[in-house]
Amino acid sequence: WYLMRKKWTIFLRRASCKRPFYLKDEEKLFLHRIGGNCLKDKITGVMIYYYFVCKRKLWYFCHEINMEAENENVLLGKLLDENSYREKEKHINIDNVINIDFISEKRELHEVKKSRAIEEAGLWQMKYYLYYMRERGVKELNGEIDYPLLKQKVSVELSEEDCKKMKEILSEITEIQNASQIPPLEKRGICKKCAYFDLCFI
């Protein structure tokens, strides 16, 4: 019990640099469920995001083909992340599955994005964070997507209908994850800025 309480205290302190927010006693069971499966058996927040951006990009990512290390848009996003909300304790990693940018004292999970160009992907990524926490006993949380460059915020909630759709999304991602062939090409306006552009078009 002492070790569990110590781990929980550390988790809460990481969640907010000002003061921890307190959850219900039963939610502390969440700590006992951390860890377990290897990464290849997990569906991460990034995979949810890529599912809505491009199925081919998701397939590349699932098969450990990474082209984003030197991509200008990715580097810009990292730079924005490093210089936004610097007073917060950021990047709270849960199970190596979801990586929450920061958690506010109002029980809000925050995700920082540079633009609203692919807003649906960001919304469902946040809904997955809420869904993942809910499945592990941490409920009554809300989400918020922050756009520091636009000085805008979007609140995100998880409905029962969202939960039903999320199960379908997770099933489809698993199929893509296990597929031996890459999904068909769907040319879109965002393709030219994609780190995987050369793999698809050259």
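**Exercise 1. In which helix is Lys 127 found? Describe the surroundings of this residue.**

Solution. The model is a predicted one.

Step 1. Lys 127 belongs to helix α5.

Step 2. The relative accessible area of Lys 127 is 15%. Buried means under 20%, so Lys 127 is classed as buried.

Step 3. Leaving aside residues up to four places away in sequence, Lys 127 touches Val 156, Glu 157, Leu 158, Asp 162 and Met 166.

Step 4. The charged end of Lys 127 sits over the ring of Trp 124, at 4.5 Å from the ring centre.

**Exercise 2. Determine the order of helices and strands along the chain, and describe the protein as a whole.**

Solution.

Step 1. The protein contains seven helices and six strands.

Step 2. Read from the N terminus, the elements follow the order α-α-α-α-β-β-β-β-α-β-β-α-α.

Step 3. The protein has 202 residues, and 43% of them count as buried.

Step 4. The exposed area of the protein is about 12,300 Å², of which carbon and sulfur atoms supply 50%.

Step 5. Among the contacts with a separation of 6 or more, 68% come from residues 24 or more positions apart.

**Exercise 3. Examine the largest nonpolar core and identify the element that gives the most to it.**

Solution.

Step 1. The largest nonpolar core has 43 residues. Those with the most contacts inside it are Ile 48, Leu 58, Ile 98, Ile 100, Leu 109, Tyr 128 and Ile 173.

Step 2. Elements that give two or more residues to this core include the helices α2 (45–53), α3 (55–62), α5 (119–135) and α6 (160–178). The strands β1 (92–94), β2 (98–100), β5 (142–147) and β6 (152–156) also give two or more residues.

Step 3. The element that gives the most is α5, with nine residues.

Step 4. Tyr 128 illustrates the contacts: not counting residues up to four places away in sequence, Tyr 128 touches Ile 43, Thr 44, Gly 45, Ile 48, Val 97, Ile 98, Met 166 and Leu 170.

Step 5. A general tendency gives the context. In soluble globular proteins, nonpolar side chains tend to be buried together.

**Exercise 4. Establish how far α2 and α3 are covered, and by which elements.**

Solution.

Step 1. In α2, eight of the nine residues are buried, so this helix is largely enclosed by the rest of the structure. The buried residues are Gly 45, Met 47, Ile 48, Tyr 49, Tyr 50, Tyr 51, Phe 52 and Val 53.

Step 2. The cover over the buried residues of α2 includes α3, α5 and α6.

Step 3. α3 is mostly covered, with six of its eight residues buried. These are Arg 56, Lys 57, Leu 58, Trp 59, Tyr 60 and Cys 62.

Step 4. The cover over the buried residues of α3 includes α2, α6 and α7 (197–201).

Step 5. Just after α3, Glu 64 adopts a positive phi of about 60°.

**Exercise 5. Is Ala 121 buried or exposed? Relate this residue to Tyr 49.**

Solution.

Step 1. Ala 121 lies in helix α5. With a relative accessible area of 0%, Ala 121 is buried.

Step 2. Ala 121 and Tyr 49 are 72 residues apart along the chain, yet their C-alpha atoms are separated by 4.8 Å.

Step 3. Not counting residues up to four places away in sequence, Ala 121 touches Tyr 49, Phe 52 and Val 53.

Step 4. The charged end of Lys 113 sits over the ring of Tyr 49, 4.1 Å from its centre. Tyr 49 also belongs to a cluster in which ring pairs link Tyr 49, Tyr 50 and Phe 61.

**Exercise 6. How many aromatic pairs does the whole structure contain? Classify the pair of Trp 59 and Tyr 60.**

Solution.

Step 1. A search of the whole structure gives eight aromatic pairs.

Step 2. In the pair of Trp 59 and Tyr 60, the ring centres are 6.0 Å apart and the planes make an angle of 70°. Planes over 60 degrees apart count as edge-to-face, so this pair is edge-to-face.

Step 3. Trp 59 and Tyr 60 are both buried.

**Exercise 7. How many disulfides does the structure hold? Check Cys 194 and Cys 200.**

Solution.

Step 1. The structure holds zero disulfides.

Step 2. For Cys 194, the nearest cysteine sulfur is that of Cys 54, 6.4 Å away. A disulfide requires sulfur atoms within 2.5 Å, so Cys 194 is in no disulfide.

Step 3. Cys 200 is likewise in no disulfide, and its nearest cysteine sulfur, that of Cys 54, is 6.1 Å away.

Step 4. The relative accessibility of Cys 194 is 22%, so this residue counts as partly exposed.

Technical notes: Residues numbered from 1 in each chain as written. Predicted model: local features only at pLDDT ≥ 70, side-chain atom pairs only at ≥ 80, totals over all residues. Heavy atoms only, no water. Phe/Tyr/Trp six-rings, centres within 6.5 Å; stacked < 30°, edge-to-face > 60°. Buried < 20%, exposed > 50% of the residue type's maximum accessible area, 1.4 Å probe, protein only. Lys NZ or Arg CZ within 6 Å of the ring centre and 35° of its normal. Core = buried A, V, L, I, M, F, W, Y, C linked by side-chain atoms within 4.5 Å. Helix = DSSP H or I, 4+ residues; strand = E, 2+ residues; numbered from the N terminus. Contact = heavy atoms within 4.5 Å. Areas by Shrake-Rupley, 256 points an atom, 1.4 Å probe, with all protein chains shown as cover.
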